[in-house]
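I pulled up this chain to jot down a few things for my notebook. I wanted to see how one sheet is put together and where one glycine sits.

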Amino acid sequence: MIQQVEFTLKARSRGFHLITEEVLKHLPALPETGLLNLFVKHTSCALSINENYDPSVRGDMERIYNRLIPENESYYQHTDEGSDDMPSHAKCSLTGVSLTIPVTNGRLNLGTWQGIYLCEFRDYGGPRKIRMNPVASVAWMKIARRISFCICNEVFMDIPTDYVLSGYLFCVI
């Protein structure tokens with residue numbers, strides 16, 4: 001049976017942290033073939049896949065992000081939670097709070113040098129909750145036979161939620 005799992009990462013300092021091993025430790029049962037969606041339930045951190053071998057990449061990423069979105073800009077209005085708060089929301093929006101990773105032969109199908117990162121944008125962000133949702137390919141194949149892919153700007157309340165995936169609405173043929 002495929003089920004969602006939620007776990008909490010320990011608090012980390014600001015920076016880009018490899019969390020692949022922690023994710024693997026908490027993985028729910030995975031389908032033989034499918035996808036795993038990871039979703040971090042916060043707005044001041046993000047998830048990313050990047051280089052897992054050379055630790056200098058993580059420091060470089062931190063410096064790049066801090067240069068792209070600096071703290072203490074005079075035009076920031078959302079400043080009550082500290083000088084790192086508004087930049088952390090902007091960095092989160094640019095990076096994203098979810099990842100989709102292919103599952104092959106019941107295992108995550110990451111590239112040789114790919115690792116899962118928690119991108120912590122706050123100085124003291126605290127523990128972070130991650131929700132994992134595996135999706136079996138069989139479900140995708142059943143849906144794919146009956147639908148065509150189209151992006152719709154309208155919301156149709158009568159369409160089953162099985163047809164709404166990743167922000168797109170799949171229209172029934």
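Below are my entries, sheet to begin with, then the glycine.

**The sheet.** I'm working from a predicted model, so everything here is computed from it. I looked up the strand order and got 2-7-4 for an open sheet of three strands, with antiparallel pairing. Strand 2 (13-18) and strand 4 (45-51) are the edge strands, each pairing on one side only. I also checked the twist: neighbouring strands here are turned by 20 degrees against each other on average, direction ignored.

**Strand 2 with strand 7.** How many bridges join strand 2 to strand 7? I found five, and the two strands run antiparallel, with strand 7 covering residues 114-124. One pair I noted is Ser13, whose bridge partner in strand 7 is Tyr124.

**Helices on the sheet.** Helix 2 (residues 56-68) packs on the sheet and touches strand 2, strand 4 and strand 7. I read its direction as about 135 degrees to that of strand 2. Helix 3 (residues 85-95) lies across strand 2, strand 4 and strand 7, and it runs at about 160 degrees to strand 7.

**Gly106.** I found Gly106 in the loop between strand 5 (98-104) and strand 6 (107-108). Is Gly106 buried, exposed or partly exposed? Its relative accessible area is 26%, and buried would need under 20% while exposed needs over 50%, so I put Gly106 down as partly exposed. Leaving aside neighbours within four places in sequence, Gly106 is in contact with Leu30, Pro31 and Glu32. I also looked up Leu35, 71 residues from Gly106 along the chain: their C-alpha atoms are separated by 9.9 Å.

Key: Residues numbered from 1 in each chain as written. Predicted model: local features only at pLDDT ≥ 70, side-chain atom pairs only at ≥ 80, totals over all residues. Heavy atoms only, no water. Helix = DSSP H or I, 4+ residues; strand = E, 2+ residues; numbered from the N terminus. Buried < 20%, exposed > 50% of the residue type's maximum accessible area, 1.4 Å probe, protein only. Contact = heavy atoms within 4.5 Å. Pairing = 2+ DSSP bridges. Axes fitted to C-alpha atoms, helices over the stretch in contact; angles between N-to-C directions.
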